[in-house]
Amino acid sequence: MENILVSACLMGAPVRYNGKSLGLQPQDLDWLKQHFCIKTLCPEVAGGLPVPRAPAELTAHARVMDNTGVDCTDAFVRGAEQTLAFCRAHHIRVAILAEASPSCGSSVIYDGRFSGTKIAGQGVTTALLRRHGIQVFSQHNVAELKQCLRSP
Ligand code: SF4
């Protein structure tokens, strides 16, 4: 069975900045288990960041800043590189990553001003994986992945 990467927080691991997790719809999780071997990783933890940690956002200048003003770009880039290496080691071509995260977002991210506003964009890890040919979906568009698998 083909491997798939799923954000660790989407599989219930309490690794988010606030020490909490997210989840997948039960029917999506069931479908994934039937079609893939699920591998999990948190890019930010892989990059050396602690849990909990200050919330961070990607800014217009392509830097990742936390809400105390600390530039944590290096850790985010390290996490993205670790995630790419993990995907290569496990022959992963598809990922489902948590939407809106500065690492894992695939359609939207927060605007970098800690205003609660989302804008079109992608996280640091998602961008790197896509540059290397890995398809990235979010937990909100698993249906698109299903459609891709059905298409010849
Ligand atoms: Fe979840 Fe990705 Fe954030 Fe880790 S970096 S907590 S896997 S959204």
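**Exercise 1. Work out how the elements of the protein chain are ordered from the N terminus on, and how compact the chain is.**

Solution. Step one: from the N terminus on, the elements of the protein chain in this predicted model run β-α-β-α-β-β-α-β-β-β-α-β-α. The radius of gyration is 15 Å, close to the 15 Å from the globule rule for 152 residues, so the chain is as compact as a globular protein of that length. Step two: tally the elements, which gives 5 helices and 8 strands. Step three: look at the outer dimensions; along the principal axes, the C-alpha atoms fill a box of roughly 45 × 30 × 25 Å.

**Exercise 2. Find which residues have the most contacts inside the largest nonpolar core.**

Solution. Begin with burial in general: 38% of the 152 residues in the protein chain are buried. The largest nonpolar core has 37 residues, and those with the most contacts inside it are Leu5, Leu10, Cys42, Val64, Ala95 and Ile96. Helix H3 (residues 73–89) gives the largest share of this core, 4 residues. Now zoom in on Leu5: setting aside residues up to four places away in sequence, Leu5 touches Lys39, Leu41, Cys87, Ile92 and Ala95. Finally, take the contacts of the protein chain between residues at least 6 apart in sequence: 63% of them join residues at least 24 apart. As background, nonpolar side chains in soluble globular proteins tend to be buried together.

**Exercise 3. Decide whether Ser21 is buried, partly exposed or exposed.**

Solution. First place the residue: Ser21 sits in the loop between strand E1 (3–7) and helix H1 (26–35). Next, count: 16 other C-beta atoms lie within 10 Å of Ser21. Buried needs 20 or more and exposed needs 12 or fewer, so Ser21 is partly exposed. To see its surroundings, leave aside neighbours within four places in sequence; Ser21 is then in contact with Cys9, Gly12, Ala13, Pro14 and Arg16. Pro43, for its part, is 22 residues from Ser21 in sequence and 14 Å away in space, C-alpha to C-alpha.

**Exercise 4. List the residues around the ligand and sort the shell by class.**

Solution. The residues around the ligand are Ser7, Ala8, Cys9, Val15, Arg16, Cys42, Pro43, Glu44, Ala98, Ser101, Ser103 and Cys104. Sorting this shell by class gives 7 nonpolar, 3 polar and 2 charged residues. Two names here should ring a bell: Cys9 and Arg16 are around the ligand and are also in contact with Ser21.

**Exercise 5. State what confidence the predictor gives the complex and the protein chain.**

Solution. For the complex, the ipTM is 0.99 and the pTM is 0.96. For the protein chain, the average pLDDT is 96, and 99% of the residues score at least 70.

Conventions: Residues are numbered from 1 along each chain as its sequence is written. This is a predicted model: local features need pLDDT of at least 70, side-chain atom pairs count only at pLDDT 80 or more; totals for chains, interfaces and linings use all residues. A residue is near a molecule or strand if its C-beta atom, placed from the backbone, lies within 6 Å of it. Ala, Val, Leu, Ile, Met, Phe, Trp, Tyr, Cys and Pro count as nonpolar, Asp, Glu, Lys and Arg as charged, and the others, Gly among them, as polar. Helices (H or I, at least four residues) and strands (E, at least two) are DSSP runs, numbered from the N terminus. The radius of gyration is taken over C-alpha atoms; the globule rule is 2.2 Å times the number of residues to the power 0.38. Two residues are in contact if their C-beta atoms, placed from the backbone, lie within 7 Å. A nonpolar core is a set of buried Ala, Val, Leu, Ile, Met, Phe, Trp, Tyr and Cys residues joined through C-beta atoms within 7 Å. pLDDT is the predictor's confidence in each residue, from 0 to 100.
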